[in-house]
Each structure stands twice: as C-alpha cells, then as structure tokens.
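Thank you all for coming; I would like to take a few minutes to walk through one model, beginning with its sheets and ending with its interior. Please have the structure open as I speak.

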Amino acid sequence: MKPLFLIVVYLVAVTLPLILSTWLGGPPRQFHQELASGLGILAFSMILVEFILSGRFKAISNGVGMDVTMRFHQVMARTALIFALLHPFLYQGTPSGGQRPWDLTRELTLTTDFAALSTGIAAYLLLPSLVLLAIGRAQLGYKYETWRLLHGIGALLIAVLLLHHTVYAGRYGSQPVMTWVWLAMTGVAVGSLLTVYLVVPLVQKARPWRVTSVVRLTPQQWEVTVNPDGHRGMNFNAGQFVWLTVGHSPFSMKENPFSICSAPAAGPEIRFMIRELGDFTRTVGQIDSGTVAYLDGPYGNLSVDHRTEPGVALIAGGVGLSPLLGILRQMRRTGDSRKVKLIYGNRTIDQIAYRDELGEEDVVYVLSEPPETWQGESGLVDAALMDRVFSAKEFSEWVFVMCGPGGMMDVVEDHLIQRGTAPHRILSERFNYD
Ligand SMILES: Cc1cc2nc3c(=O)[nH]c(=O)nc-3n(C[C@H](O)[C@H](O)[C@H](O)COP(=O)(O)OP(=O)(O)OC[C@H]3O[C@@H](n4cnc5c(N)ncnc54)[C@H](O)[C@@H]3O)c2cc1C
C-alpha cells in the first residue's frame, strides 16, 4: 500500500472516536475538561492502532518498510503515553462523586465509581511500565521471547482495562454509539493478536519446510537452506525477509526474522545467511538436515524489482549482506541490465562471506582491521569511501539499498542526503529496532 494512503488510514482510525464523540456532543463543559477527555480518547485509540503496527501485517510493513513501521510504532506509543499521563490531571478542579440524578450527562461531575476508576488507574500504571520495559529491553538483558510474550500480554491487558474504564467512567464512552465503536476497535486489536499467534501458525503448520543443508561460511556465519515439504514454496521479492522457526511448533513463538539471501529465480529453495549472536543463532551449526522449519512471510520492502533507476548501489555491513546478496543474485540470474555496485564492509578478512561468488568486479571490499597484505579499501564505510566509489551522477540517479550496523547506516544515509540522493531512492533495513 502507498505510504500516503496508509497515513490517511492511520489518521482516520486514530481520530474517528474523537470526531464521533465531538459530534455526539452533550452539554458543554469547560475547555480543560474537554481537553482531558480528548487526550484520553486519543491515547486509547492510538494504543489500539498500535496492535496493527506490530510489523506483522504485510499491507503495512511491505508498503512503508519494516524500519518505518517499527519506528512509527515506537514514536506513537510514546506519544500515546504522554497523552494518557496528562489526561487525569487536566480534570483538576472538577467536582467528583457518584452519579448525580440531576447530572445524567456527567457535565458537572467526575465519576468516583471505584470499579470504573480502578481499571483506569491499573492501565495508568501498566502503560508506562510497558513502554519503559520496551525502551530498556536490551539493557535489562532478559530473553527476547520472554519480552515479546510480556509485551503482548501487557498490551492486551491494557486494552481491556481501558475499554472498561472508557465505557464506564467516560462521559462520551458511555454513550451507546461510542461503546460500540470502542468495542469494535478493541475487537480488531485483539483479533490482530489472534491472527499473529493462532491463524498464521495454523497456516504455517499446513505448509512445512525442511532444512536441506547447513554450511559454515565464516567462523561465525552460516548458510541455512530450506526446501518446501509438499507444497510449492513461497512467492517473494529478492531482498525480503521471513520469520523463521526451526525445529519447533509454529505456535511456540520461537521464531526469528531472517532475510532471504537466495534469488526467487533460483526456484523454491530458500537460503539464509545467519550470524551467531544469541540463543538461537549460536545453535545454527547443530541443526540436522531434515529438521522441520516454518516460514512466515515474505515481509519488507527492500526490493528493486519495479524500480526504474539506471543503477543499483548495494551497501552492506557484515551479515547485512544477506538481503543485498539476494538482490544481486536475482539481478545476475535474470540478466538485469541495470548497473550495480556493491560495497561490503567487514572488520576482518575472515568475516568476508561468499567472496568467490561475489567476485571482484563492481564489488568494493572494505575492512576496518585489514591484514598487512590487504590491497583493498580499509577503514569504515563512510562519506569519503562513498565519494570514491560513486560519481555525482550516480548519487543523483541510482537507487541506494543498504543493510548493516546502525552506525554505518546513519553515516551513509546522511551522506546520501547531503549528496542530493532523493529520499525515495534510499532503501534501508535494520536488523535491530532498539
Ligand atoms: C528484518 C530483519 C532481518 C534480519 N535478517 C537477518 C539475517 O539475514 N541474518 C542474520 O544473521 N540476522 C538477521 N537479523 C537479526 C536476527 O533476527 C537476530 O540476530 C536473531 O533473531 C537473534 O536471535 P537469537 O535467538 O540468536 O538471539 P537473542 O539473544 O534471542 O536475540 C538477540 C537480539 O536479536 C533480536 N531478535 C531476537 N529474536 C527476535 C525476533 N523474534 N524478532 C525480532 N528481533 C529479534 C533482538 O534485538 C534481540 O535482542 C534480522 C533481523 C531483522 C529485524
């Protein structure tokens, strides 16, 4: 889906309850009270839409890219948190108490009904905890799978608590039309979780794959190949990624995202280039041929398939080569006439993977810790190196695709913008959203 369309859909979804509440109206209250309700309403709808922005819905993440989806998810979660935190304080000065017979529209008083308030207070405490746990995930050092489970359950709990609070304590949420709107929106949010954790695994279960080879590429990188078992495989674009489960049930949540490094034109077999990092990746070398695997995908928009630029610049750092290798392989296999140049950075010479296949023509190998005998580029992939490799014409006309460590991506992106590369000609993907 086109980014502009997605932005419009987002704005409509988030503001719909606010617009409907304003439209349904009621006797006027003071501005600060309306502002308090407005912020609460906005915070709740933003939280519900966050469920759809989890990166697991192709209509979104394949349209604007995974990086943008996850960054947007993070920024909107923090914005919703600020709105939610401000919301109760703005009611200050408003008389409170039980429902008055002469104030059925809750124009003059705030409810003190314990049940309705307690769910709001519980959500008020849980929401910052959820956001802080997500921000500090890497520092807190607990397992990714544990965090993911906690994040999902926490978000579900907050949505249900807020639904109760909005309907029973809210001046607008208690109106029948709004109650139905909130129920429908919460239903969609909960449904999105069920889709990811129940429907998608069921589909995966019916389409198993088998590991056919595991090959060591470098001391810490492996190539894992999987083949479809009893079905025709998966349609994907070179450069996309999947969530991969190996040796576990698709319901186990033991899945990790990996880019596909093989070309779609190579047939149904799919290859991954995997670098040892944590629990799963450090055990890749022990996977036996024949082990069952499940793939959920393809995801991501790191693709040059329908691009019209005359040349493709691929800039990789370490295992970030994986999706770019898929693109390069596809271009070579299909006899793509566009020009291509690959910059491939590593720390040491033994970390370079696929050197024989990549060759030397139009490939610039860069080492930050080169051996004395090294003839190629040394140092980091930085602005000076980019200027040595690409001409002014290439900067302004080519499409630049990059994947690698955050530091490298920031430097390269900044330099491309500085050299006049249009933002829509820069495609990037990070392996880490922290
Ligand atoms: C879009 C994308 C494509 C990727 N492609 C490749 C690739 O081609 N080759 C490669 O070697 N690595 C790739 N990665 C990184 C890879 O997913 C992690 O290295 C791997 O998941 C680590 O798992 P682990 O159990 O070994 O380590 P853990 O110790 O469990 O995790 C280490 C870190 O990896 C990340 N991670 C772990 N599990 C997940 C998950 N389910 N979803 C998202 N992030 C997770 C988290 O940041 C976590 O802190 C990619 C990541 C993303 C987001």
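In what order do the strands of the open sheet with parallel pairing run? Before I answer, please keep in mind that this is a predicted model. The order is β12-β11-β10-β9-β13-β14, which makes an open sheet of 6 strands with parallel pairing. At the edges stand β12, residues 377-378, and β14, residues 426-429, and because each has a single partner strand, one side of each is left without a neighbour in the sheet. If we look at the β12 edge, strand β11, which covers residues 363-367, runs parallel to β12 and is joined to it by 2 bridges, and there L367 stands opposite S378 in β12.

Two helices deserve attention here. Helix α13, residues 406-418, lies across β9, β13 and β14, and runs at about 165 degrees to β13. Helix α9, for its part, lies across β9 (311-317), β10 (339-346) and β13 (399-403), running at about 150 degrees to β9.

Let me now turn to the antiparallel sheet. This is an open sheet formed by 6 strands in the order β6-β5-β8-β3-β4-β7, with antiparallel pairing. Its edge strands are β6, residues 256-259, and β7, residues 270-275, each of which pairs on one side only, and from one strand to the next the twist averages 40 degrees. At the β7 edge, strand β4, residues 221-228, pairs with β7 in the antiparallel sense over 6 bridges, and V226 has I270 in β7 as its bridge partner. Helix α9, residues 321-333, which we met a moment ago, packs on this sheet as well, touching β4, β6 and β7, and its direction makes about 150 degrees with that of β7.

Finally, the interior. How many cavities of 30 Å³ or more are there? The count comes to 1, and about 50 Å³ of space lies in the largest cavity. The lining is made up of R56, R148, V196, Y197, P201, Q204, P250, F251, M253 and E255, which by class gives 6 nonpolar, 1 polar and 3 charged residues. Helix α8, residues 176-205, gives the most to this lining, with 4 residues. As for the domains, the lining draws at least three residues from each of domain 1 (2-204) and domain 2 (209-299).

Technical notes
Residues are numbered from 1 along each chain as its sequence is written. This is a predicted model: local features need pLDDT of at least 70, side-chain atom pairs count only at pLDDT 80 or more; totals for chains, interfaces and linings use all residues. Side-chain values use heavy atoms; hydrogens and water are left out. On a 1 Å grid over the protein atoms alone, a cavity is a set of points where a 1.4 Å probe fits but cannot get out, and a pocket is an open set with protein on both sides within 12 Å along at least five of seven lines; lining residues have an atom within 4 Å of a point. Grid points are joined across faces, edges and corners, and a volume is the space filled by probe spheres set on the points. Ala, Val, Leu, Ile, Met, Phe, Trp, Tyr, Cys and Pro count as nonpolar, Asp, Glu, Lys and Arg as charged, and the others, Gly among them, as polar. Domain bounds come from an automatic or database domain assignment. Two strands pair if DSSP finds at least two bridges between them. Axes are lines fitted to C-alpha atoms, for helices over the stretch in contact, and angles run from 0 to 180 degrees between N-to-C directions. Contact means heavy atoms within 4.5 Å.
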